[in-house]
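This report describes one chain, beginning with a local turn and then moving through its helices, its backbone exceptions and its overall dimensions. Please keep the sequence and the structure in view while reading.

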Amino acid sequence: MTDKKPFYITTPIYYPSGKLHIGSAYTTIACDVLARYKRLMNHEVFYLTGLDEHGQKIQTKAEEAGITPQTYVDGMASDVKKLWALLDISYDKFIRTTDTYHEEVVAQVFEKLLAQDDIYLGEYSGWYSVSDEEFFTESQLEEVFHDENGKVIGGTAPSGHKVEWVSEESYFLRLGKYADRLLAFYKENPQFIQPNGRLNEMLKNFIEPGLEDLAVSRTTFTWGVKVPSNPKHVVYVWIDALLNYATALGYGQKDSHNFEKFWNQGRVFHMVGKDILRFHSIYWPILLMMLEMKLPERLIAHGWFVMKDGKMSKSKGNVVYPEMLVERYGLDALRYYLMRSLPVGSDGMFTPEDYIGRINYELANDLGNLLNRTIAMINKYFDGQIPDYQAGVTHFDADLEAVVAAQIAEYHVQMEAVDYPRALEAVWTIISRANKYIDETAPWLLAKEDGNKEDLASVMAHLAASLRVVAHLLQPFMMETSNAIMTQLGLEAVADLENLSLAGIPPQTTVISKGQPIFPRLDMEEEIAYIKAEMEAGSAISQEKEWVPEEVELKSEKEEIRFETFDAVEIRVAEVKEVAKVEGSDKLLRFRLDAGDGEDRQILSGIAKFYPNEQELVGKKLQIVANLKPRKMMKKYVSQGMILSAEHGDRLTVLTVDPAVPNGSVIG
């Protein structure tokens, strides 16, 4: 802990092709925790995040929307920055690969590598996924499609996205030339790729079979950095994207002060999801070798949050967005859950039950109750003033003191290893021991007339001191909670984490006169139903519609359909008899409608925010899809159709008909 080198931490730069869910939030929060920890350990820190904005997929989306690619990515960047602000991400720079300085350096680097024969011109043929911006061999495809003669005509990538056969002129990066040097680097730096096991995946799957040269340019689209000496070629995404880590610090630019400080003289940490490890563990080190640059000290490849039915997917209706969780339960609950629940080296499973359970049992019961009881007892027994701390007064003090000291040391070990679940486990060991300490010392007995005032003072001092330590250790993870604990103890906000111990509360410190619960206990059943409804409602509303930036209203150009497809949809007039908010959901309204078919039908619709006074809809005649297969929502409701509506800007309006039209009339 004596190493005070400048510290550089980066997230991957995210591809702005859809709304970011808790998977992307995890990586960004994880880097934020590390950045905050290093600052509290008095390192000079530079934290980078941003967007990878070039490529065929962006160009295609923009063309379909009738806008320029730049307009499209500008909107995406704005939305992502809003999300990072909501999550209180303390980044120092937000890079976009459309930034002029970055594009200029990418072009310069490409020409440099071309001149030194690390890039050469050839021709590439292979299966290409537009969505993944990646080529695949036939053996790498998840599915392979054949024609009637058995010829391969297509397939899907491991991601599930479709691939197409592409044959074009391309520049190649000479990876094979550097394979031995890369292996030597791995051997000399066994801690480079973490967690353990990830390196073996790269060796077995990509290096041992023979490292093939990499296609690094495309000619079939124009949205990207053009090769100066051959402008029909656009620099392929992975050369462009990976260089962001260097250009953001000033590499190749007039002002390279930050590059010298944080790259050349500092420690470089990259954190990525396991799905893009190959690009960061093979292509990026080789590119740095070609440029004779220092290689990073650490590359952390974390697992994914998955659901009971597999990876998150809109089509499965199981995507969890961070905004919903923050708005309902607060930011600290989300940050705590994500950092506590993803095991190092493997995937973690998100369930609403686990999310609410951790809030209730770990945050409300363990931590919240400890704080509430301590503040109440100090007010009751010592008029709100924390007694001075002295070690070893009661028979139980020494064990608590030993546990706190051991867990502070353990916390630092795990934070340096970026093992957040174990670091938080160390904090909760202190919390659990402090709760047990209350039971052991029984302050209510010590406070009696024939009790022991000296022991009681020591108990209160030890409890306050333990909570102060907990507040310090939680600061990188849960800033609001840490500050709230310190405020209720009558202390200043956490300033650093060095030399932390139980001693340190100034004499005559006075706690708050009445403590406030920092995590009120939640109704398990109600909140689990809420999260599930939000997931289902989000899926039902989107109907697999592509997410677009808030600032950009895209024109709708859906594929043409045959008349028979349209004719199969039955749209009827239905009168609203009753409407009410759905308990446990902020978005859903539950309608009882007369669609003229003898029995009233129930439809759940996620339009509550557009109709805060939902009773205004009673008596209206709406248009509904009447032959949609019923679906169960929130376990206890069946929705029998879909209410049609029109979107305009940030508004949504249900479609009505003339009141004179009879219920059940077919629209067509």
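## Helix α11 and the residue after it

Gly 330, which comes just after α11, takes a positive phi of about 90°. The model is a predicted one, and the backbone angles discussed here are to be read in that light. Within α11 itself, the residues that count as buried are Pro 322, Met 324, Leu 325, Val 326 and Tyr 329. Helix α11, spanning 322-329, is also one of the elements against which the buried residues of α3 pack.

## Helix α3

Helix α3 comprises the 18 residues 69-86, and its length can be checked against a simple expectation: at 1.5 Å a residue it should span 26 Å, and because its end C-alpha atoms are 26 Å apart, the model agrees with that value. The buried residues of this helix are Pro 69, Tyr 72, Val 73, Gly 75, Met 76, Ala 77, Asp 79, Val 80, Leu 83 and Trp 84. Their packing partners are α1 (22-40), β2 (45-51), α2 (56-65), β3 (93-96) and α11 (322-329), so that both helices and strands appear in the list.

Thr 71 is also found in α3, but it is partly exposed, with a relative accessible area of 36%, a value that lies between the 20% and 50% limits. Thr 71 and Ser 482 are 411 residues apart along the chain, and their C-alpha atoms are separated by 40 Å. After the helix comes Asp 88, whose phi is positive, near 55°.

## Helix α2

Helix α2 is mostly covered, with seven of its ten residues buried. These are Gln 56, Lys 57, Ile 58, Gln 59, Lys 61, Ala 62 and Ala 65. They pack against α3, and also against the strands β4 (119-129), β8 (162-173) and β11 (217-218). The residue Gly 66, which follows α2, has a positive phi near 75°.

## Pro 443 in helix α16

Pro 443 lies in helix α16, which runs over residues 443-446. Its relative accessibility is 0%, and since buried means under 20%, Pro 443 counts as buried. Once its neighbours within four places in sequence are left aside, Pro 443 is in contact with Met 377, Tyr 381, Ile 438, Leu 456, Val 459 and Met 460. Trp 428 is 15 residues away from Pro 443 in sequence, and the C-alpha atoms of the two are 22 Å apart in space.

## Backbone exceptions in loops

Most residues other than glycine have a negative phi, and most peptide bonds are trans. Against that background, the bond joining Gln 194 and Pro 195 is a cis peptide bond, with omega about 0°. Pro 195 is placed in the loop between β9 (193-194) and α6 (198-207).

Two further residues belong to the loop that connects α18 (479-488) with α19 (524-542): Asn 499 is placed there, and Gln 508 lies there as well. Asn 499 has a positive phi near 55° although it is not a glycine, and Gln 508 likewise has a positive phi, near 60°, in a residue other than glycine. Asn 499 is exposed, with a relative accessible area of 77%, and Gln 508 counts as exposed at 61% relative accessibility.

## The annotated segment 14-24

For residues 14-24, UniProt lists, in an unreviewed entry, a short sequence motif named "'HIGH' region". Over these residues the model is 27% helix and 0% strand, and the end C-alpha atoms of the segment are 8 Å apart.

## The chain as a whole

The chain has 20 helices and 26 strands, and its C-alpha atoms fill a box of roughly 95 × 80 × 45 Å, taken along the principal axes. Of its 668 residues, 54% count as buried. When contacts between residues at least 6 apart in sequence are considered, 74% of them join residues at least 24 apart.

The chain exposes about 29900 Å², of which carbon and sulfur atoms supply 48%. As for charge, the chain has 70 positive and 99 negative charges, and the mean positions of the two sets are 2 Å apart.

Note on methods. Residues are numbered from 1 along each chain as its sequence is written. This is a predicted model: local features need pLDDT of at least 70, side-chain atom pairs count only at pLDDT 80 or more; totals for chains, interfaces and linings use all residues. Side-chain values use heavy atoms; hydrogens and water are left out. Helices (H or I, at least four residues) and strands (E, at least two) are DSSP runs, numbered from the N terminus. The expected span of a helix is 1.5 Å times one less than its number of residues. Buried means under 20% relative accessible area, exposed over 50%, partly exposed in between (1.4 Å probe, protein chains only). Contact means heavy atoms within 4.5 Å. Accessible areas come from the Shrake-Rupley method with a 1.4 Å probe; for residues, only the protein chains shown count as cover. Lys and Arg count as positive and Asp and Glu as negative; His and the chain ends are not counted. The place of a charge is taken as NZ of Lys, CZ of Arg, CG of Asp or CD of Glu. UniProt positions are given in the numbering used here, feature names are shortened, and annotations may be inferred rather than shown by experiment.
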